[in-house]
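Trainee: Please take a close look at the packing of a single helix, and set it within the chain as a whole.

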Amino acid sequence: MVEKNNTIVGSCGVNHLFLTVFLFHFSSFMVVSAIIDVSMAAVCPGKDECSLAIYLTGVQQAIIGLGSLVMMPLIGNLSDHYGRKLLLTFPMMIAIFPAVILAYSRDKEFFYAYYVLKTLTSMVCEGAVLCLAHAYLADNVPDHRRASMFGILSGISSCSFVTGNLLTRFLPSVGSVFQVSAAVAMVSVVYMRIFLPESNMEANVIAISSKEETKDECLLEKGRINSHRPFRTTLSLHDSISLLRNSTKFSQAAIVAFFSMLGELGLLSSAMYYLKAEFHFDKDQFAELLIITGIAGIISQMILMPFLSRLINEEKLLAIGLASSCIYIFLIGIAWTSWVHTFAQLANSNITSYRPLQYVSVVYLASALQILAVFVTPSLRTIVSKQAGPTEQGKAQGCITGLNSLAGIISPLVFSPLTALFLSDHAPFHFPGFSIMCATLTVMIAFIQSILMKAGPAPSHLPVSDSKIDEYDSVEP
């Protein structure tokens, strides 16, 4: 009866989780295509190229990455002990406030207030919702279904990405974009608190806590425990290193996660300023491009991946996704070149009057490759999930998210100066997409590592907390 009830709660919880993630990401993604115009108007009004705006974005990403590097493993670990729902509440609530500022005004003073608050809140919010959502799914979905369910979760994010940017495309003003974003963010928090049940891991947490308390009492009686033991619920550097050492595949997945995210963030920090400078993109064109990318993601994650995951293991899906991502980023980086211009003319001889449009057609074509590139995240998260025990899902997902955050620190320090340099008049040679080509190389490293990974049975797991207790048990009185 208990198992049946857990299954019912798990199924219901997964459905409510999907809608929570959809609403939260809908709110977040709808401002992506508008924020470049807001930033440029506040920092460099009337210009299509602005090094200061690029550097501000890079500094913000680096600070957010530094904060996330510390916070994500901690949040994941705390959720293993106190529940996913409780740890979801805080990042979802504080994510509301930056949008409220720009919903009120986009003047220069308000932009800088938004910039500071967004930086601070994103140190906690960036990646936290998806990290905890993956842990929640791992609690409620058996191993053999996780690849498809993680794919559906990514598909839900893609749906919010498309619908958010589609709404942005047709909203009358930039101010209305942030007003709607703030309202939907509030709705997502209220919905989550009312309808999302706590994860099924709650019983495991209670059992482990009781076991640890019993062990602690025994050890205290024997005088074999020190005063620092009660604080082991906080994830330490030693715990993260232990996760990496205990499984070769987990270590390989960590390398793939780092380099793929480094390249993805390199593209993210460069592409919009590159498209703005080279092709004069505005809010509407950014939204159109993101919609194409999102639709490709929906088709892939909601239809292709659940089907392919029954035929192909997640290691092969990961390699396919990374190969497609390399091609996608490469094509974006060379979209400005003369031979791409010739190719576009041959592909569509009717486009002759507006030269930049010929180049842009290649950008739109490249975005369709996202139909395969989006395999990366769900495949990687599935591999990580299978390398962790049932009471370490938050810890494992938090560790990978922390590595992504480390990439978030390094990426803007490398790619923002490159982007600003090669889009300026002082570039050492003419190659506006040079920083994007460098991002291609980092994803290529992740691809090479992914093809070295081999499928195999999940290891037998021993929770870190239990390992530490056994270490104490092995000490002679």
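Mentor: Of the contacts in the chain with a separation of 6 or more, 84% are between residues 24 or more positions apart, a contact being heavy atoms within 4.5 Å. The model is predicted, so local features need pLDDT of at least 70 and side-chain atom pairs count only at pLDDT 80 or more, while totals for chains, interfaces and linings use all residues. Residues are numbered from 1 along each chain as its sequence is written, and side-chain values use heavy atoms, with hydrogens and water left out.

The chain holds 21 helices and zero strands; both are DSSP runs numbered from the N terminus, helices being H or I of at least four residues and strands E of at least two. Of its 477 residues, 56% are buried, where buried means under 20% relative accessible area, exposed over 50% and partly exposed in between, for a 1.4 Å probe and protein chains only.

The helix to examine is α5, residues 96–104, whose buried residues are Ile96, Pro98, Ala99, Ile101, Leu102 and Ala103. These pack against four helices: α2 (32–43), α4 (84–94), α6 (108–125) and α9 (174–195).

Gln60 belongs to helix α3, residues 51–82. Because its relative accessibility is 14%, Gln60 counts as buried. Beyond its neighbours within four places in sequence, Gln60 touches Tyr115, Lys118 and Thr119.

The cysteines come next. A search of the whole structure gives one disulfide, that is, a pair of cysteine sulfur atoms within 2.5 Å. The bond links Cys44 and Cys50, with an S to S distance of 1.8 Å. Cys44 is buried because its relative accessibility is 11%, and Cys50 is buried at 4%. Cys159, at 18%, is buried, and so is Cys326, at 6%.

Turning to the surface, the accessible area of the chain is about 20,800 Å², with 66% of it on carbon and sulfur atoms; such areas come from the Shrake-Rupley method with a 1.4 Å probe, and for residues only the protein chains shown count as cover. Ile295, Ile299, Met302 and Ile303 make up a nonpolar surface patch with a joint accessible area of about 330 Å². Patch members have over 30% relative accessible area and no salt bridge, with nonpolar side chains (Val, Leu, Ile, Met, Phe, Trp, Tyr) joined within 5 Å and like charges within 9 Å; a salt bridge is a side-chain nitrogen of Lys or Arg within 4 Å of a carboxyl oxygen of Asp or Glu. Ile295 lies in helix α13, residues 283–308, and is partly exposed because its relative accessible area is 40%.
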